[in-house]
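Here is a guided walk through one protein model, residue by residue and helix by helix. Keep the viewer open while you read.

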Amino acid sequence: MMQVGQIMRPSIDIHCHIMPGVDDGAKDAETSLEMLRIAQKNGIQHIVLTPHHKPMHHNVSPDHNKKYTKALWELAKKNGIDVKLYSGNEIYYSDETFDELVSGRICTLAGSDYVLVEFHPTNPYKAIHNAIYQVQAAGFIPVLAHVERYSDMVSHASYVQEMVDMGCYIQVNASSIMGKYGFGISHFTKKLLKNHLVHFVASDAHDTVGRAPQLSECREFIGRKFGNEYSDRLFWNNPMCIINNEVI
């Protein structure tokens with residue numbers, strides 16, 4: 001826990017379902033504002049909005065994505081919330097993803113070359129590996145969303161190293177590290193952290209209670225357990241590379 005008088009280190013959240021009324025995240029603008037207030041209290045200064053982009057769903061177009069992001073940012077500023085917002089998507093990989101990326105029908109993270117990609121939890125590692133390769137072949141830099149959800153990779157931690165070696169970046173949810181999904185998942189994520197196989201820790205927030213945009217406790221824990229230098233990379237430096245479209 002934060003000690004009285006301790007300065008909260010700032011964070012950037014690259015995975016957050018805070019755009020109102022577009023997916024299973026914030027249901028309305030008031031929920032989005034409350035999530036933003038929670039984020040600000042957690043030291044989050046920048047958020048990439050990542051509404052789901054799934055096959056056979058009514059997905060937000062890139063143009064509307066950017067308009068909705070701008071509108072929410074303006075609403076936040078009117079309500080005294082000082083958090084910068086950027087457009088993005090969490091892409092559920094499908095056979096259409098390659099063409100959608102190339103044709104610009106999916107939002108990258110903050111307009112960069114980085115894209116956030118997710119899979120079904122039971123997808124075999126080979127399928128995930130091949131899909132990530134396709135994302136790279138389309139000319140983009142893949143960020144694998146919540147790696148701790150894929151059972152094949154949890155069972156074979158060496159697969160994560162293989163993904164990193166091929167140029168994929170790894171994102172883990174803060175709540176997973178802090179034990180919300182059980183000891184096994186927490187142990188797996190901490191093993192990855194120990195071996196510096198994580199590049200981003202994000203909230204993957206969907207609401208104001210069970211899945212709120214809370215990063216401060218996890219940021220403090222990682223700083224204490226693995227060092228502030230690594231913590232700064234996970235919560236600030238690496239995410240800022242996305243915002244600036246720079247190589248990590």
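Helices here are DSSP runs of H or I with at least four residues, numbered from the N terminus. The model is a predicted one, and with that in mind we can begin in helix α4.

**Helix α4 and its partner**

Helix α4 covers residues 125-137, and Asn 130 is part of it. How buried or exposed is Asn 130? Its relative accessibility is 39%, so Asn 130 counts as partly exposed. If you measure from Asn 130 to Gly 223, you will find the two C-alpha atoms 34 Å apart, with these positions 93 residues apart in sequence.

Ile 132 also has its place in helix α4. With a relative accessible area of 0%, Ile 132 is buried. Setting aside residues up to four places away in sequence, Ile 132 touches Phe 119, Pro 142, Met 163, Met 166 and Cys 168. Ile 14 is 118 residues away from Ile 132 in sequence, and the C-alpha atoms of the two are 19 Å apart in space.

How do α4 and α6 pack? The axes of α4 and helix α6 (residues 158-165) lie 11 Å apart and meet at an angle of about 10 degrees. Angles under 35 degrees count as roughly parallel, and α4 and α6 are therefore roughly parallel to each other. On the α4 side the contact is made by Tyr 125, Ile 128, His 129 and Ile 132, and on the α6 side by Tyr 159, Glu 162 and Met 163. The residues of this contact divide into five nonpolar, one polar and one charged.

Gln 161 lies in α6 as well. Gln 161 has a relative accessible area of 34% and is partly exposed. Leu 192 is 31 residues from Gln 161 in sequence, with 9.0 Å between their C-alpha atoms.

**Aromatic rings**

How many aromatic pairs does the structure hold? There are five. In the pair of Phe 221 and Phe 226, the ring centres are 6.5 Å apart and the planes stand at 80 degrees, so the pair is edge-to-face. The cut-off behind that label is a plane angle over 60 degrees.

Phe 221 lies in helix α9, and Phe 221 is buried, with a relative accessible area of 13%. Apart from residues up to four places away in sequence, Phe 221 touches Ile 177, Met 178, Lys 190 and Phe 226. Asp 232 is eleven residues from Phe 221 along the chain, and their C-alpha atoms are separated by 12 Å.

Elsewhere, Tyr 93, Phe 119 and Tyr 150 form one aromatic cluster. Phe 119 is also among the residues touched by Ile 132. A ring and a charge meet at Trp 73: the charged end of Lys 77 sits over the ring of Trp 73, 4.7 Å from its centre.

**Buried polar residues and their surroundings**

Ser 87 is found in the loop between β4 (84-86) and β5 (90-92). Ser 87 is buried, with a relative accessible area of 12%. Beyond four places in sequence, the residues that Ser 87 touches include Val 48, Leu 49, Asn 65, Lys 66 and Thr 69, and also Cys 107, Thr 108, Leu 109, Ala 110 and Gly 111.

Asn 173 belongs to strand β8 (residues 169-173). Its relative accessibility is 2%, and Asn 173 counts as buried. Leaving aside neighbours within four places in sequence, Asn 173 is in contact with His 15, His 146, Glu 148, Arg 149, Val 201, Ala 202 and Asp 204.

**Two positive phi values**

Asp 204, just named as a contact of Asn 173, is worth a look for its backbone, and so is His 196. Each has a positive phi value in a residue other than glycine.

| Residue | Phi | Loop | Relative accessibility |
|---|---|---|---|
| His 196 | near 55 degrees | between α8 (183-194) and β9 (200-202) | 41%, partly exposed |
| Asp 204 | near 50 degrees | between β9 and α9 (216-226) | 2%, buried |

Which is the loop that holds Asp 204? It is the loop between β9 and α9, and α9 is the helix in which Phe 221 lies.

Note on methods
Residues numbered from 1 in each chain as written. Predicted model: local features only at pLDDT ≥ 70, side-chain atom pairs only at ≥ 80, totals over all residues. Heavy atoms only, no water. Phe/Tyr/Trp six-rings, centres within 6.5 Å; stacked < 30°, edge-to-face > 60°. Buried < 20%, exposed > 50% of the residue type's maximum accessible area, 1.4 Å probe, protein only. Lys NZ or Arg CZ within 6 Å of the ring centre and 35° of its normal. Contact = heavy atoms within 4.5 Å. Axes fitted to C-alpha atoms, helices over the stretch in contact; angles between N-to-C directions. Parallel < 35°, antiparallel > 145°, perpendicular 65-115°, else oblique. Nonpolar A, V, L, I, M, F, W, Y, C, P; charged D, E, K, R; others polar.
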